[in-house]
Each structure stands twice: as C-alpha cells, then as structure tokens.
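Here's a quick tour of a few local features in this protein. Have the structure open and follow along.

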Amino acid sequence: MDILYEDEHILVCVKPAGIATQTKLHGQQDMVSLLSNYRHKKGEPPYIGLVHRLDQPVEGILVFGKHKKSAAKLSRALAQGSFSKDYLAVTLGEMPSKEGKLVDALKKDGRRNLTVVAKAGDTQAKKAELLYQVLETDTSGGTVQNLVKIHLLTGRHHQIRVQMAHFGTPLAGDTKYGKKEADGSSTLRQEEIKNGLGLCACELLFVHPATKQHMRFAIVPSQPVFQKFHYLAGTQS
C-alpha cells in the first residue's frame, strides 16, 4: 500500500497497474476494498469515499475521502474543474508536433466498455480536450516511441487512450485502442504488452476539502515501458 498522504479527512495513494479502482466482480481486488480493510485494521471506520477513477491497467495517484463530507467536497471540486491532472504516456509513432492541443467529440459505449470518436452532429457525444508535450523520443528499438506529458482539460472515459489513438500515435501496450491490422490482430509487439500500458497519472493538484491548503503530489512511473527514457532518470536524481 503506497500511501502518499493521510489525515482525518483524505487519503492519497498510488494505484498500481492491474488493480481496479472499484469493481463489482466477486473475488477481484480493488483500491476501495483494500483501503477499507486498511482503515479497519487501524481501528478506524472503514469508509472510503470514491472521488475519481483510473483505468485498471493505469498506474497513478488517487485521492479518496475518509468521510462523506470530504468526499462530497472533493467530488464537487472535481466536477467544477478545479482538479489538475497530469499524465505521462508512451506513444508509438512519430508525433506530428512537439506540443499541441487535441479536441474531439467522444461517445461512450457502455455495453462494450469502450469510447469512440463520434461523428459530427452526434448529440450523445461529449467534448474532450487535452494538451500534450513531447519530452523525449526513442528510436533504439527499431520503432519510434515518445515520452509525452499530457494535461487533461476534461475527464472522459478512456480519454487519453482514445484521443492519442485517433491522433495516429496510440499508447504502447494498448490492445484495446492500438492500431489493428486488416485481420484484426494488434500491431503492438508482445514485449510492449508485457511491459505494461504506457500511461501513468503522475501528478495531481487539488485544494484540501477541510484546510483549503493547495495539495500537490507527483510520482515517477514504475512500469517497464517507461524505463528506457533518460528524462525520467533525471527526475529521480
């Protein structure tokens, strides 16, 4: 349990890749259950208020409320856009520019648990926006891979994965949205899949719901797919 911060109101932790934020599947671990058990063992009320989520294959920072009032205030702040969320991603293929803004209309398909870029005029679609900046490019493995910083301006289902794939530079290891061959097989290499999804929620900024203090938390990705980049080695020194 990698807990970055905890007080009587909130708990900030790192969700490992492969663990769901919350799930209804019997017998499968999730962060809400793990943290509830953690509080119970400390003799505290086991309440864990879910504020935001990360996809199961994504590593990153999450904040939870330790009582209903703090969870409600954090959820309200998130809805009002006062959370700041930055990600690091590993993308495949040449980026058309070193930095820019992506704007798409996204539509969620709940039955298939995926999101698609909608056609013009689709009233069920929601606007999705992000800013990106290429920090480093690596071509040593025979393929172009980029370390990209992404700042979310909206929070849509699978937003980064969908928008980067639509941009022509899917995330490394993304078998759901990565490019497909004509026969339906993924072009992503098996070693990339084994090394994890190239996405990490690496920085989170928000205002503490009780003290009003500005809180900032940051981590360096641990997934193997990130380890080739010299930029990250510099951030750890």
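## Phe-217 and its ring partners

Let's start with Phe-217: this is a predicted model, and in it Phe-217 counts as buried because its relative accessibility is 11%, below the 20% cut-off for that label. Phe-217 forms a stacked aromatic pair with Phe-206, with 6.1 Å from centre to centre and 25 degrees between the planes. Phe-206 sits in strand β10 (residues 199–207) and Phe-217 in strand β11, so this pair ties together parts that are eleven residues apart in sequence. Phe-206 is buried too, at a relative accessible area of 2%.

How many aromatic pairs does the structure hold? There are four. Another one joins Tyr-5 to Phe-217: the ring centres are 6.0 Å apart and the planes meet at 45 degrees, so this pair counts as tilted. Here the link spans much more of the chain, since Tyr-5 belongs to strand β1 (residues 3–6) and Phe-217 to strand β11 (residues 214–218), so the parts tied together are 212 residues apart in sequence. Tyr-5 itself counts as partly exposed, with 27% relative accessibility.

Put the ring pairs together and you get a cluster made up of Tyr-5, Phe-83, Phe-206 and Phe-217.

## A positive patch on the surface

Now for some charge. Which residues gather in a patch of positive charge on the surface? They are Lys-24, Arg-53, Lys-108, Lys-126 and Arg-156.

Take Arg-156 as the one to look at. You'll find Arg-156 in the loop that runs between β9 (145–152) and α3 (159–166). Is Arg-156 buried or partly exposed? Its relative accessibility is 32%, so Arg-156 counts as partly exposed. That value also clears the 30% that a patch member has to exceed.

## Ala-118 in its loop

Last stop: the loop between β7 (114–117) and β8 (126–138), which is where Ala-118 lies. Despite the loop setting, Ala-118 is buried, because its relative accessible area is 17% and the label applies under 20%.

Where does Ala-118 stand relative to Ala-105? The two residues are 13 apart along the chain, and 5.6 Å separates their C-alpha atoms.

Note on methods. Residues numbered from 1 in each chain as written. Predicted model: local features only at pLDDT ≥ 70, side-chain atom pairs only at ≥ 80, totals over all residues. Heavy atoms only, no water. Patch = residues over 30% accessible without salt bridge, like charges linked within 9 Å, V, L, I, M, F, W, Y side chains within 5 Å. Areas by Shrake-Rupley, 256 points an atom, 1.4 Å probe, with all protein chains shown as cover. Salt bridge = Lys/Arg side-chain N within 4 Å of Asp/Glu carboxyl O. Lys, Arg positive; Asp, Glu negative; His and termini not counted. Charge placed at Lys NZ, Arg CZ, Asp CG, Glu CD. Helix = DSSP H or I, 4+ residues; strand = E, 2+ residues; numbered from the N terminus. Buried < 20%, exposed > 50% of the residue type's maximum accessible area, 1.4 Å probe, protein only. Phe/Tyr/Trp six-rings, centres within 6.5 Å; stacked < 30°, edge-to-face > 60°.
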